[in-house]
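Biologist: I have a few minutes before my next gel. Can you walk me through this model?
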Amino acid sequence: MNDDSILHDKRLHFGCGLLFGGVVTFLVLITSVSAMETRDWLMMTAGGIACGCLAMRHGELFWTKASSIIETVSQWLRH
């Protein structure tokens, strides 16, 4: 693999992780975010950046574990 494709993969993982983390943090804090508290918006941004960095660093392993967690929570909520 050449350096350009590695950098592209890292950027792609970071971007997707950033969006994933922002959405998940938003859903966790949805009642607080609707009240427009600055602290909660900052936590949502930090959650997005953290997930983006983890996705960039660990790549497919991050997404495998994230999908496993989402599937487990989904099954738990159905019961």
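Modeller: Sure. Keep in mind that this is a predicted model. Start with the crossing: helix 1 passes helix 3 in a right-handed way.

Biologist: Which residues of helix 1 and helix 3 make the contact?

Modeller: From helix 1, the contact includes Lys 10, His 13, Phe 14, Gly 17, Gly 21 and Thr 25. From helix 3, Met 43, Met 44, Gly 47, Gly 48, Cys 51 and Ala 55 are among them.

Biologist: At what angle do helix 1 and helix 3 pack, and how far apart are their axes?

Modeller: The angle is about 145°. The axes of helix 1, residues 3-28, and helix 3 are 6 Å apart.

Biologist: Pick one contact residue. Is Thr 25 buried or exposed?

Modeller: Thr 25 is buried, at 16% relative accessible area. Thr 25 lies in helix 1.

Biologist: What is Thr 25 in contact with, leaving aside neighbours within four places in sequence?

Modeller: With those set aside, Thr 25 is in contact with Met 43, Met 44, Gly 47 and Gly 48.

Biologist: Over to helix 3. How many residues does helix 3 have, and what length does it reach?

Modeller: Helix 3 covers residues 38-58, which is 21 residues. From first C-alpha to last, helix 3 reaches 30 Å, close to the 30 Å expected at 1.5 Å a residue.

Biologist: Which residues of helix 3 are buried?

Modeller: Asp 40, Met 44, Gly 47, Gly 48, Cys 51, Gly 52 and Ala 55. Down the axis of helix 3, the buried residues fall within an arc of 130°, so they line one face of the helix.

Biologist: And what sits on the face of helix 3 turned away from its buried side?

Modeller: That face carries Thr 38, Arg 39, Leu 42 and Arg 57, which are exposed.

Biologist: What happens just after helix 3?

Modeller: Gly 59 takes a positive phi there, of about 60°.

Biologist: New topic: cysteines. How many disulfides does the structure hold?

Modeller: Zero. Cys 16 is in no disulfide, and its nearest cysteine sulfur, that of Cys 51, is 12 Å away.

Biologist: Why is there no bond between Cys 53 and Cys 51?

Modeller: The sulfur of Cys 53 is 9.5 Å from the one in Cys 51, its closest cysteine sulfur, so the gap is too far for a bond. The cut-off for a disulfide is 2.5 Å between sulfur atoms.

Biologist: I might care about access. How do Cys 16 and Cys 53 count?

Modeller: Cys 16 is partly exposed, at 36% relative accessibility. Cys 53 is partly exposed too, at 37%. Cys 51, in helix 3, is buried.

How values were computed
Residues are numbered from 1 along each chain as its sequence is written. This is a predicted model: local features need pLDDT of at least 70, side-chain atom pairs count only at pLDDT 80 or more; totals for chains, interfaces and linings use all residues. Side-chain values use heavy atoms; hydrogens and water are left out. Helices (H or I, at least four residues) and strands (E, at least two) are DSSP runs, numbered from the N terminus. The expected span of a helix is 1.5 Å times one less than its number of residues. Buried means under 20% relative accessible area, exposed over 50%, partly exposed in between (1.4 Å probe, protein chains only). The arc is that of the directions from the helix axis to the C-beta atoms. Axes are lines fitted to C-alpha atoms, for helices over the stretch in contact, and angles run from 0 to 180 degrees between N-to-C directions. A crossing is left-handed if the near helix is turned anticlockwise from the far one by less than a right angle, and right-handed if clockwise. Contact means heavy atoms within 4.5 Å.
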